[in-house]
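Let's take a walk through a protein together, one stop at a time. Keep the sequence beside you and the 3D view open.

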Amino acid sequence: MLAKRIIPCLDVQNGRVVKNVRFFENHRDAGDPLALAQAYEAQQADELVFYDITATVEGRGLMLDVAARVAEQVMMPLTIGGGVNRLSDFRELLGAGADKISVNSGAVKRPELIREASDHYGAQCVMLSIDAKRRPGTSTWTVHLAGGRVDTGMDLLEWATQGQALGAGELCLNIMDADGTRAGFDLEATREVARSVDIPVIASGGAGKIEDFRDVLLGGETGGHADAALAASVFHFGELTVPQVKKYLQGEGLAVRPEWPGVGEGL
């Protein structure tokens, strides 16, 4: 069994980490990006994901300053996303210290970007991030853009399989209906996507209690089949720590990545 990953997500707006509910409601300040990154490295998180959540809407450039500042101080893998529209954006973010680049709206608008980046930098550098929302009264979901503001009408499963075919190395699936609600991951959506592709799927949106991580990482008929679980609020506001989640998952029979020697001691 491949080890499951636990990944804190830091949504950045105006240089601060923030957390909303369903993308737009109940805005809360969660702190400084570098301070949080250092805290999560001490907790032995497997990776960190940074999203500039308003870059596309505001038409701004890349979050190069945050990427460079964090990469200088932490050794853990970093994924950066927000406002990525061109192959040169991959080059600049990788040069600033990112290990992987998350692309969302830019790939929907021009799917060839995934192929270009995968061919040039390798699939391992390309994360396709998908924001999706359930069609009312159905078991289908549509892809949204611009931080969830625009419904494209594209079917989630069709876009996920196309993203893999174009060369994405992994998918990060954020179900908007669950985001920030702490009511649990959308297991049905995550399971359907995971069964549709052969690349790793990171589940995002809805973590509220420790059992939610188990449920989305389990297989079977009711589990989410995810390869990794991404969360924000429960970590940022101290309700859970990464070591607590990993220890719990191990007790539930799930394999997690081992501790790093000399890091996180005393937690």
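Start with lysine 133, which touches Thr140, Trp141, Thr142, His144, Met176 and Asp177, leaving out residues up to four places away in sequence. Contact here means heavy atoms within 4.5 Å. Lysine 133 sits in strand β7, residues 126-134. Strands (E, at least two residues) and helices (H or I, at least four residues) are DSSP runs, numbered from the N terminus. Lysine 133 is partly exposed because its relative accessibility is 37%; buried means under 20% relative accessible area, exposed over 50%, and partly exposed in between, with a 1.4 Å probe and protein chains only. You can also look at valine 143, 10 residues apart from lysine 133 along the chain: their C-alpha atoms are separated by 6.7 Å.

A quick word on what you're looking at. This is a predicted model, where local features need pLDDT of at least 70 and side-chain atom pairs count only at pLDDT 80 or more, while totals for chains, interfaces and linings use all residues. Residues are numbered from 1 along each chain as its sequence is written, and side-chain values use heavy atoms, with hydrogens and water left out.

Now zoom out. The protein has 11 helices and 12 strands, and 55% of its 267 residues count as buried. Take the contacts between residues at least 6 apart in sequence: 68% of them join residues at least 24 apart. The accessible surface comes to about 11000 Å², and 49% of that belongs to carbon and sulfur atoms. Accessible areas come from the Shrake-Rupley method with a 1.4 Å probe, and for residues only the protein chains shown count as cover.

Next, some helix pairs. Two packed helices are described by the angle between their axes and the distance between the axes. The axes are lines fitted to C-alpha atoms, for helices over the stretch in contact, and angles run from 0 to 180 degrees between N-to-C directions.

Try helix α3 (residues 64-73) and helix α4 (residues 87-96), whose axes come within 8 Å and cross at roughly 30°. The two are therefore roughly parallel to each other. The cut-offs go like this: under 35 degrees is roughly parallel, over 145 roughly antiparallel, 65 to 115 roughly perpendicular, and the rest oblique. Leu64, Ala67, Ala68 and Ala71 of α3 meet Glu92, Leu93 and Ala96 of α4. Sort these contact residues by class and you get 6 nonpolar, no polar and 1 charged. For that sorting, Ala, Val, Leu, Ile, Met, Phe, Trp, Tyr, Cys and Pro count as nonpolar, Asp, Glu, Lys and Arg as charged, and the others, Gly among them, as polar.

Helix α7 (residues 156-166) and helix α8 (residues 187-196) make another pair, with axes that come within 9 Å and cross at roughly 35°. α7 passes α8 in a right-handed crossing. A crossing is right-handed if the near helix is turned clockwise from the far one by less than a right angle, and left-handed if anticlockwise. Leu156, Leu157, Ala160 and Thr161 of α7 make the contact with Glu192, Val193 and Ser196 of α8. That contact has 4 nonpolar, 2 polar and 1 charged residues.

How do α9 and α11 cross? The axes of α9 (residues 210-217) and α11 (residues 242-251) come within 10 Å and cross at roughly 55°, so the pair is oblique. This crossing is right-handed too. On the α9 side you'll find Ile210, Glu211, Phe213, Arg214 and Leu217, and on the α11 side Gln244, Val245, Tyr248 and Leu249. These divide into 6 nonpolar, 1 polar and 2 charged.

Stay on α9 a moment, since aspartate 212 is also in that helix. Is aspartate 212 buried or exposed? With a relative accessible area of 4%, aspartate 212 is buried. Its contacts, neighbours within four places in sequence aside, are Arg182, Gly184, Phe185, Gly206 and Ala207.

Follow the chain into the loop between α9 and β12 (228-231), where you meet histidine 225. Its phi is near 65°, a positive value in a residue other than glycine. Aspartate 227 is in that loop as well, and it is partly exposed at 24% relative accessibility. Which residue is 223 residues apart from aspartate 227 in sequence? That's lysine 4, and the two are 5.5 Å apart in space, C-alpha to C-alpha.
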